[in-house]
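Here is a short report on one protein chain. It goes from overall size to sheets, then to single residues and charged pairs.

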Amino acid sequence: MNAPLPEPGHVYLVGAGPGDPGLISVKGAQLLAHADLILYDEILDARLLELANEECEKLFVGKRRGKGPSQEEINELLVQHAGAGRRVVRLKGGDPYIFGRGSEEGVRLRAEGIPFEVVSGVSAASGALAYAGIPLTHRGITSTAVLVTGHEDPAKPIPSVDWALLAKLQCTLIIFMGARRIGEMADVLLQNGRSPSTPVSVIEWGTWPRQQTLVATLDNLAETSRERGLQSPAIIAIGEVVSLRDQLNWFENKPLFGRRILVTRSREQAGGLRLLLETEAAEVHCLPLLEIRAPDHWDEVDRCIRDLDRYHWVVFTSPNAVEYFMGRLRFLELDARALGGVRVAAVGRSTAENLERFGIFSDLIPAEQSQEGLVQAFADIEVAGLKFLLPGSSLGRPLLADELGRREATVERVTTYENVVPQLERSALPACLTANDLDLVIFASPSSVANFVSVLGESESRDVLDKTAIATIGPTTSGAVRDLGFEVAIQPQESTVPELVRSICHFFRSRA
């Protein structure tokens, strides 16, 4: 589904939705990918900005602790940059026209003769309520919903919101930006005849993994809110539809809801794992303990690729080995046919699937997805006199090469990618890690285990891992964890990301 590309000199007012990055529209995501400039607000998932191209400029125009550019200054930036011929996306939380001041920006753009378009977003009124299990309307309860701002003082002499009228309507009342005035709004509604037993819900960080939902009645709303300490961003729902939450609450019943999980994979590999964990409502934090990059020199790899017909087997021990090896094959203007005369082994299902992306189907995949499994798989194959090529990591284990060599095979190991410890400042560490407030740490390689200790230091790393459950993707990584004296709580039977996530879900369901 392809939308037209953004035009130079245009502004696109794009709604990002209430939080969950998956709620942005297809058109909104496509516009981000082709923008020259993105002006974005405070409460947005940073991963939305990753949809932009590398040349795109990103400018934060939100408010933090009341500080930030005024609306007039934002309007001026839109006019200035679009007037210079740039493709500008104004990325706003929720929907641009629902308490988003997008209409003010549109009015200014039209006055200046700047073309603009509006790409609607999922409003917190529908999105946050749906994630809390509350419908806006429900047959037999109410067919009306009213959206109001709670920003102003409801007790002032002439409020812009007619609270007395709202108190009499049998509707779902949705209040934006009302967290600081919850008590005052409840009092005005009660004084004007709304029933004290009216169900109320306050949803903080709606659609985010950190979502919290308070359910109360109108007469005890202020006291209950104070006890729970809910703060902005929050949206308030008042009405009988709140009583349906027990039946419709799906998001907070997911197996990983509220669980803080630390993923230690490289940036290149963390995305798929993070997405699956967040699909199960986990709050995921990333600490890239490995940086994967190409080797400084390709001479040895190039020589081996050009002489592939000399080998009997090529053995891939990781998905990264496949990615970099095949990338180099393409660079040399070759394709899968270069492997037509050799047999191919993959250490596990993920590595085999990566090979299949390039049209190569593995001749051998061990039952146990590890180098030990490969050793066992080759135990029944005569290897004496055969030539093996093992492309892989600069930190690759020599186990398979040593065993094949012992059985009189000729083995050549070449580095197709390097594992490097990234330089991490203390300030870059996730706050939940430094506060030791985690439910789970995930390791996907022995080197990530070693680097975790190296980055945090032995004392702090032990303090964290002593109090936190540990998951690994396979037996080799589990061995590295146990060598340090820690227990592994979760290890999937099959060393794949989907199986790892399923195992994590089962673990936390059993503890619920």
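## Overall build

The protein has 19 helices and 19 strands. The model is predicted. Its C-alpha atoms fill a box of roughly 95 × 55 × 45 Å along the principal axes. Of the 512 residues, 49% count as buried. The protein exposes about 24400 Å², and carbon and sulfur atoms supply 48% of that area. Contacts reach far along the chain: among those between residues at least 6 apart in sequence, 68% join residues at least 24 apart.

## The parallel sheet

One open sheet has five strands in the order 3-2-4-1-5, with parallel pairing. Its edges are strand 3 (57-60) and strand 5 (116-119), each of which pairs on one side only. Neighbouring strands in this sheet are turned by 20° against each other on average, direction ignored.

Strand 2 (residues 37-40) runs parallel to strand 3, and four bridges join the two. Within this pairing, Ile-38 has Lys-58 of strand 3 as its bridge partner.

Two helices that pack on the sheet come next. Helix 1 (residues 26-33) touches strand 1 (11-15), strand 2, strand 4 (88-92) and strand 5. The direction of helix 1 makes about 135° with that of strand 5. Helix 3 (residues 102-111) packs on the sheet as well, touching strand 1, strand 4 and strand 5. The direction of helix 3 makes about 170° with that of strand 1.

## The mixed sheet

Another open sheet also has five strands, in the order 6-7-10-8-9, but here the pairing is mixed. Strand 6 and strand 9 (212-217) are the edges, each pairing on one side only. The average turn between neighbouring strands of this sheet is 20°, direction ignored.

Strand 7 (residues 172-176) and strand 10 (residues 234-238) run antiparallel and are joined by four bridges. Phe-176 has Ile-235 in strand 10 as its bridge partner.

Helix 4 (residues 124-131) packs on this sheet and touches strand 6, strand 7, strand 8 (199-204) and strand 10. Its direction makes about 80° with that of strand 10. Helix 7 (residues 221-228) also packs on the sheet, where it touches strand 8 and strand 9. The direction of helix 7 makes about 150° with that of strand 9.

## Two residues of strand 6

Is Thr-149 buried or exposed? Thr-149 lies in strand 6 (residues 145-149). Its relative accessible area is 18%, so it counts as buried, the cut-off being under 20%. Leaving aside neighbours within four places in sequence, Thr-149 is in contact with Phe-99, Val-161, Trp-163, Ile-175, Phe-176 and Met-177.

Leu-147 lies in strand 6 too. At 32% relative accessibility, Leu-147 counts as partly exposed. Together with Phe-99 and Met-177, Leu-147 forms a nonpolar surface patch with about 250 Å² of accessible area. Phe-99 and Met-177 are also among the contacts of Thr-149.

## Helix 19

Ser-503 lies in helix 19 (residues 497-511). Beyond neighbours within four places in sequence, Ser-503 is in contact with Ile-490 and Pro-492. How many residues separate Ser-503 and Leu-165 in sequence? They are 338 residues apart, and their C-alpha atoms are 53 Å apart in space.

## Salt bridges

The structure holds 30 salt bridges. Three of them are tabulated here.

| Pair | N to O distance |
|---|---|
| Asp-36 and Arg-87 | 3.5 Å |
| Arg-303 and Glu-412 | 2.5 Å |
| Asp-463 and Lys-467 | 3.3 Å |

Asp-36 and Arg-87 meet in a salt bridge. The pair links distant parts of the chain, 51 residues apart: Asp-36 is in the loop between helix 1 and strand 2, and Arg-87 in the loop between helix 2 (71-83) and strand 4. Asp-36 is partly exposed at 24% relative accessibility, and Arg-87 is partly exposed at 27%.

Arg-303 and Glu-412 meet in another salt bridge. This pair also links distant parts of the chain: Arg-303 is in helix 10 (residues 299-306) and Glu-412 in strand 17 (residues 410-420), 109 residues apart. At 35% relative accessibility, Arg-303 counts as partly exposed.

Asp-463 and Lys-467 both lie in helix 17 (residues 458-467), four residues apart, about one turn of the helix. Asp-463 is partly exposed at 36%, whereas Lys-467 is exposed at 59%. Elsewhere, salt bridges with shared partners join Asp-41, Arg-90, Lys-92 and Glu-105 into one network.

How values were computed
Residues are numbered from 1 along each chain as its sequence is written. This is a predicted model: local features need pLDDT of at least 70, side-chain atom pairs count only at pLDDT 80 or more; totals for chains, interfaces and linings use all residues. Side-chain values use heavy atoms; hydrogens and water are left out. Two strands pair if DSSP finds at least two bridges between them. Axes are lines fitted to C-alpha atoms, for helices over the stretch in contact, and angles run from 0 to 180 degrees between N-to-C directions. Contact means heavy atoms within 4.5 Å. Buried means under 20% relative accessible area, exposed over 50%, partly exposed in between (1.4 Å probe, protein chains only). Patches are made of residues with over 30% relative accessible area and no salt bridge: like charges are joined within 9 Å, nonpolar side chains (Val, Leu, Ile, Met, Phe, Trp, Tyr) within 5 Å. Accessible areas come from the Shrake-Rupley method with a 1.4 Å probe; for residues, only the protein chains shown count as cover. A salt bridge is a side-chain nitrogen of Lys or Arg within 4 Å of a carboxyl oxygen of Asp or Glu.
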